[in-house]
Amino acid sequence: MKFVGIDLAWGEHKPSGAAIINEGGIIERARADLRTTEEICDFAGLASGNGAVIAIDAPLIVKNLTGQRPVEFQLTSIFARYDAGPHSSNRSNPNFQESGKTQRMARLLHDLGYRQQIAPVKQQAQQTLLEVFPAPALVILFPCHLHSTHTHCRPPRYKHKRDRSWPELCSEWEIYRARLRSLECREPVLKFSPEVNKQIGIDVTEFKGGRYKQFDDLLDGIFCAYLAYYFWYGGSDRTWVIGDLETGCVTLPRCRLSNCPLHANAMLASAAPE
């Protein structure tokens with residue numbers, strides 16, 4: 001078994017990030033310059049026929065012509081307060097039409113034998129495809145502890161936006177990197193190969209624009225791979241599924257701490273958009 005994370009770019013010719021974790025929890029390889037679906041599959045060896053769980057950060061099931069998918073409405077209801085809500089995806093965007101990049105990726109993986117599921121079968125061989133979303137997953141896996149209880153806070157703001165300075169972005173990226181490295185002390189344990197450790201050990205303050213974006217995508221690809229490994233390791237007991245396989249669903253970690261405020265907010269996820 002291997003565990004593949006793909007931060008799939010929405011744009012047709014934009015680069016995507018991807019990473020591979022082996023069954024021992026070691027990140028063997030990671031890249032953030034893969035532009036086509038074929039390059040991604042070749043890099044991850046997805047045509048080998050061996051077992052894998054693939055976690056993709058991209059809308060895989062998009063049937064609505066306009067507006068948000070139901071799962072995006074539900075995610076916004078729960079996670080907007082943490083600045084971790086999703087963008088809207090619909091068929092008016094060429095990326096999500098039948099000829100678009102995300103749909104081609106989903107069809108290619110289906111042809112290779114992968115089937116989209118809401119969660120992997122715990123620690124068994126399989127060819128499973130999951131849709132994941134790093135921002136709320138970061139909110140869940142890295143809570144803010146307050147004495148005897150805990151709360152949840154926003155994820156790192158490492159994405160480039162006009163109102164964010166480069167020093168702020170670099171600082172937030174380093175927080176994200178530190179959180180990924182802290183998974184070496186979590187369950188399941190994440191280990192870094194020397195190659196990947198060197199890749200993420202750089203000083204990102206030297207980069208701007210597209211050069212910085214590659215390191216942003218690199219961390220997302222690694223985190224998506226960890227989510228694939230995390231869900232396989234823990235099975236359905238560790239997963240929280242928002243949405244369904246008919247209109248689109250996102251698999252998230254389930255907060256394992258008691259008195260979690262997300263549990264109280266989860267009732268909002270059952271509401272449907274007007």
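**Exercise 1. Find the residue in β2 that is the bridge partner of Phe3.**

Step 1. Start with the strands: β1 covers residues 2-7 and β2 covers residues 16-22. Strands here are DSSP runs of E with at least two residues, helices are runs of H or I with at least four residues, and both are numbered from the N terminus.

Step 2. Check the pairing. β1 and β2 run antiparallel and are joined by 6 bridges; two strands pair if DSSP finds at least two bridges between them.

Step 3. Read off the partner: Phe3 bridges to Ile21.

A quick word on what you're looking at: this is a predicted model, where local features need pLDDT of at least 70, side-chain atom pairs count only at pLDDT 80 or more, and totals for chains, interfaces and linings use all residues. Residues are numbered from 1 along each chain as its sequence is written, and side-chain values use heavy atoms, with hydrogens and water left out.

**Exercise 2. Place β4 in its sheet and say which strands pair with it.**

Step 1. Walk across the open sheet. Its 7 strands come in the order β5-β6-β4-β1-β2-β3-β9, with mixed pairing. The edges are β5 (115-116) and β9 (191-192), each pairing on one side only.

Step 2. Look at one neighbour. β4 pairs with β1 in the parallel sense over 5 bridges, and Gly5 stands opposite Ala55.

Step 3. Look at the other. β6 (residues 127-131) also pairs with β4 in the parallel sense, over 5 bridges; here Ile56 stands opposite Glu131.

Step 4. Check the faces. In a regular strand the side chains alternate between the two faces of the sheet. On one side of β4 you'll find Ala52, Ile54 and Ile56, on the other Val53 and Ala55, and all are buried (under 20% relative accessible area; exposed is over 50%, partly exposed in between, with a 1.4 Å probe and protein chains only).

**Exercise 3. Work out where Ala58 sits and what it is in contact with.**

Step 1. Find the loop: Ala58 is between β4 (52-56) and α2 (70-79).

Step 2. Check its cover. Ala58 has a relative accessible area of 2%, so it counts as buried.

Step 3. List the contacts (heavy atoms within 4.5 Å). Leaving aside neighbours within four places in sequence, Ala58 touches Leu8, Trp10, Thr102, Glu131 and Val132.

Step 4. Compare sequence with space. Phe133 is 75 residues from Ala58 along the chain, yet their C-alpha atoms are 7.7 Å apart.

**Exercise 4. Decide how many residues of α4 are buried.**

Step 1. Locate the helix: α4 runs over residues 134-141.

Step 2. Go through the residues. Among the buried ones are Pro134, Leu138 and Leu141.

Step 3. Count: 8 of its 8 residues are buried, so the helix is mostly covered.

**Exercise 5. Pick out the unusual backbone spots in three loops.**

Step 1. Go to the loop between α5 (166-182) and β9, where Pro188 lies. The peptide bond from Glu187 to Pro188 is cis, with omega near 0°.

Step 2. Move to the loop between α2 and α3 (101-111), home of Asp83. Asp83 isn't a glycine, but its phi is positive, about 60°. At 40% relative accessibility, Asp83 is partly exposed.

Step 3. Finish between β5 and β6 with Gln123. Gln123 isn't a glycine either, and has a positive phi of about 50°. Its relative accessibility is 42%, so Gln123 counts as partly exposed.
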